[in-house]
Amino acid sequence: MSLIQSICYPELKKVFSKAIMHGCKHEGLAISAYEHVMKEKHKNFKIVKCGMFINKKYPWLHATPDFLCSCDCCGEGCGEVKCPFCIDNCDFQSYVSKSLSCLRKGSAGNYFLQQLFTVERKYCDFVVCAFDACGATKLFHQQILPE
């Protein structure tokens, strides 16, 4: 019911915390930075923005990747971007030790596997992006493959 309400009445479900506003503000920049890095290493790398996917076999499952991607060497994938508010000065080492870090070993595996299963892609690129006070960007990137 909450999924239907969020689709039909999105204005009722909006949350405006500093962390969410930070993530929304920087997501496009993070995707552009990731695309730039990937184009240097992958032949014919492309990104396409996307929306929600509903699983064809199990329609109660859905996935909302931030983008779809493809290249000649890796094939078709999808991607998830996080721009945490609490990464200080692009220091990923300190961020990993924080209780709310999205970079804990094994913490998001099932989420990405559901995305791969639903979107029907070969891999999911998980991208975490940090920005320092001067506007410099630092990326963490991990390619998640089906088990």
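**Why the labels hold: cysteines, strands and a patch**

Modeller: Start with C74: its sulfur is 3.8 Å from the closest cysteine sulfur, the one in C71, and that's too far for a bond.

Biologist: How do you know that this is too far for a bond?

Modeller: A disulfide is a pair of cysteine sulfur atoms within 2.5 Å, so 3.8 Å for C74 and C71 misses the cut-off. C50 misses too, because its closest cysteine sulfur, in C78, is 7.5 Å away. The structure ends up with zero disulfides.

Biologist: What sort of model and numbering am I looking at?

Modeller: It's a predicted model, where local features need pLDDT of at least 70 and side-chain atom pairs count only at pLDDT 80 or more, while totals for chains, interfaces and linings use all residues. Residues are numbered from 1 along each chain as its sequence is written, and side-chain values use heavy atoms, with hydrogens and water left out.

Biologist: Why are C50 and C74 called partly exposed?

Modeller: Buried means under 20% relative accessible area, exposed means over 50%, and partly exposed is in between (1.4 Å probe, protein chains only). C50 has 25% and C74 has 22%, so each falls in the middle class. Across the protein chain, buried residues make up 33% of the 147.

Biologist: How is E120 classed, and how is N44 classed?

Modeller: E120 has 51%, so it counts as exposed, whereas N44 has 43% and is partly exposed. Neither is a glycine, yet phi is positive: about 60° for E120 and about 55° for N44. E120 is in the loop between helix 4 (109–119) and strand 6 (123–131); N44 is in the loop between helix 2 (18–41) and strand 1 (46–49).

Biologist: What makes something a helix or a strand here?

Modeller: Both are DSSP runs numbered from the N terminus: helices are H or I with at least four residues, strands are E with at least two. The protein chain has four helices and seven strands, in the order α-α-β-β-β-β-β-α-α-β-β. Strand 2, which holds I54, covers residues 53–54, so it just meets the two-residue minimum.

Biologist: Why is strand 5 called largely enclosed?

Modeller: Strand 5 (residues 75–82) has eight residues and six of them are buried, so the rest of the structure largely encloses it.

Biologist: How do you know that strand 5 pairs with strand 4 and with strand 6?

Modeller: Two strands pair if DSSP finds at least two bridges between them. Strand 4 (residues 67–71) and strand 5 have five, in the antiparallel sense, and strand 5 and strand 6 have six, in the parallel sense, so both pairs qualify. F67 has G79 of strand 5 as its bridge partner, and V81 has V127 of strand 6. A hairpin of three residues links strand 4 to strand 5.

Biologist: What makes L3, I7, M52 and I54 a patch?

Modeller: Patch residues have over 30% relative accessible area and no salt bridge (a side-chain nitrogen of Lys or Arg within 4 Å of a carboxyl oxygen of Asp or Glu). Like charges are joined within 9 Å, and nonpolar side chains (Val, Leu, Ile, Met, Phe, Trp, Tyr) within 5 Å. L3, I7, M52 and I54 form a nonpolar surface patch, with about 360 Å² of accessible area together (Shrake-Rupley, 1.4 Å probe; for residues, only the protein chains shown count as cover).
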